[in-house]
Amino acid sequence: MKTTKLLTLLLALFASIAITSCVEDDDYSVPNSLGSEENAGLEQILADINSGDLTEISIADLKALYQAYEDGQSGFDYDHFIQIPDNLVVKGYVTSSDATGNFYKEFYMQDAPENPTAALGVLLNQVDSYNQFNIGREVYIKLKDMYVGYNSNEVISVGGKTDDQEVGQFTANQIPTKIFRSEVTETIVPLQLSLSQISESNVGMFVTATDVQFPENLEGSTYGDPSEDFDTQRTLQACEGFGYSNFIVETSSFSNFYNTPLPTTNGGTISGVVLKSYGGDNLVMLLNDISDVEFNNSRCTPLDINDFNVVFEETFDSQGSWEVTNTVGTRDWYNTGFGGENYMRATAFSSGNIDTMVSWLISPSIDFDAQNSEQLLLEIADAYSNGQPLKAYYSNDYTTGTNPDDATWIEIGADEINALGVNTGFYDNNYEATGLIDLSMVTGNAVLAFVYDSNNGTISTTIDLSDVKILAE
């Protein structure tokens with residue numbers, strides 16, 4: 001059993017009192033009111049919070065507590081959990097349902113019904129938990145002597161015991177003494193995201209992906225693959241720019257829609273809970289029910305670059321007339337090449353350290369009134385990634401040779417840049433194109449700037465910018 005090295009977690013393990021209660025496994029309707037024992041337990045939680053005997057911790061702070069423990073470890077650690085000795089309680093709103101069998105002995109909850117900022121997994125030895133912990137239900141979990149850490153999918157979760165090197169389930173005896181629902185059931189308003197916007201920060205949240213479709217080569221396929229014993233992964237795609245962005249829809253072999261044909265004729269929206277595949281390698285979406293798949297639109301087709309005119313292009317055979325200037329530190333963008341590809345490179349890594357740097361790569365002046373509906377397309381490679389240091393801007397009042405901090409800059413392309421794939425390993429000369437970045441709002445003469453910001457010496461990712469292209473219809 002593991003205890004943390006954090007000051008708040010130095011207390012010794014106390015034995016918990018198991019109070020046995022009947023779990024509502026056989027009740028197939030969502031209850032309208034709570035039983036007297038459950039009401040009394042929740043009322044005591046609220047009274048203890050008001051008196052200061054119990055401290056409510058947010059989901060984000062609970063995850064940060066665990067992350068601080070992880071960061072404090074030296075070397076590789078097989079144990080992926082900590083025990084909470086303090087009188088803490090965490091509140092959330094349920095985002096998942098095991099009613100269709102696609103979730104099993106777990107549910108997920110986020111910190112708000114709308115616009116959530118953090119989410120958490122809850123492991124419990126209970127089937128048909130949707131009868132008790134239905135979607136939108138407000139839930140309080142008492143954390144004293146319980147565990148927080150990774151489950152088998154590398155999702156931070158809470159549980160009542162340990163299971164080898166992972167957090168284990170709340171037992172049937174622990175559930176009625178540790179997990180309390182209120183009478184409140186909120187409507188969960190899904191986060192509206194494109195496939196490329198879904199990130200690890202959304203794990204456990206209920207999201208809606210818009211303008212998506214299943215590939216045509218899956219025609220005739222079902223959500224589940226009969227050749228798979230457990231989970232089936234199906235590709236979901238969206239037209240973004242000149243190609244597709246992809247995501248994975250994962251379906252359990254125990255789901256009641258396992259043999260349902262995939263809708264491949266149309267496209268539309270799909271809503272589900274963002275999780276990770278077994279082992280935590282990939283982000284995936286799990287459906288609560290196939291009624292959350294609303295494909296009533298025509299299929300999309302990626303843009304054809306031949307339909308656009310290239311009105312500006314820079315391939316960085318040399319630095320040319322682009323200006324490099326720093327506002328923080330001395331490390332900066334420089335022109336180099338590898339494998340026949342030329343590019344501008346920036347990195348804050350230096351001899352095992354991360355230097356503090358903010359370096360600007362600024363274009364020559366461009367006339368944005370000479371054409372309409374401009375779109376920016378970048379080709380970027382990265383290596384040794386530990387964060388995204390690249391930002392893009394435009395300015396109408398920057399003067400060459402002056403301090404960029406004295407000009408007005410408007411950020412562009414944040415979503416498209418942050419959606420790029422991440423390479424945490426060696427440099428592989430593998431360039432990825434961003435989605436189209438809208439420049440149609442830019443008027444007059446303006447410059448573009450690509451800024452490498454090491455975020456006060458915390459990011460050292462190597463960024464290679466090989467191509468800058470402005471397209472217009």
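Q: Which strand gives the most to the lining of the largest pocket?
A: That's S15, with six residues in the lining. Keep in mind that this is a predicted model.

Q: How do I read a pocket in the first place, and what is the volume of the largest one?
A: The general idea: rolling a probe the size of a water molecule over the atoms shows where empty space is left. Here, the largest pocket holds about 1,500 Å³ of space. Its lining has 48 residues, and Ser196, Ala419, Leu420, Gly421 and Glu432 sit closest to the centre.

Q: Which elements give two or more residues to that lining?
A: Besides strand S15 (243–252), you'll find strands S13 (206–212), S14 (231–240), S27 (375–383) and S30 (432–433), plus helix H4 (414–418).

Q: Stepping back, how many helices and strands does the protein have?
A: Count four helices and 33 strands. Their C-alpha atoms, along with those of the rest of the protein, fill a box of roughly 75 × 55 × 40 Å along the principal axes.

Q: What do contacts tell me about residues far apart in sequence?
A: Take contacts between residues at least 6 apart in sequence: 74% of them join residues at least 24 apart.

Q: What share of the residues is buried?
A: Under 20% relative accessible area counts as buried, and 50% of the 473 residues fall in that class. The protein exposes about 21,700 Å², with carbon and sulfur atoms supplying 45% of it.

Q: And how many charges are there, positive and negative?
A: There are 18 positive and 70 negative charges, and the mean positions of the two sets are 10 Å apart.

Conventions. Residues numbered from 1 in each chain as written. Predicted model: local features only at pLDDT ≥ 70, side-chain atom pairs only at ≥ 80, totals over all residues. Heavy atoms only, no water. Buried < 20%, exposed > 50% of the residue type's maximum accessible area, 1.4 Å probe, protein only. Contact = heavy atoms within 4.5 Å. Areas by Shrake-Rupley, 256 points an atom, 1.4 Å probe, with all protein chains shown as cover. Lys, Arg positive; Asp, Glu negative; His and termini not counted. Charge placed at Lys NZ, Arg CZ, Asp CG, Glu CD. 1 Å grid on protein atoms, 1.4 Å probe; cavity = no way out; pocket = protein on both sides within 12 Å on 5 of 7 lines; lining within 4 Å. Points joined across faces, edges and corners; volume = space filled by probe spheres on them.
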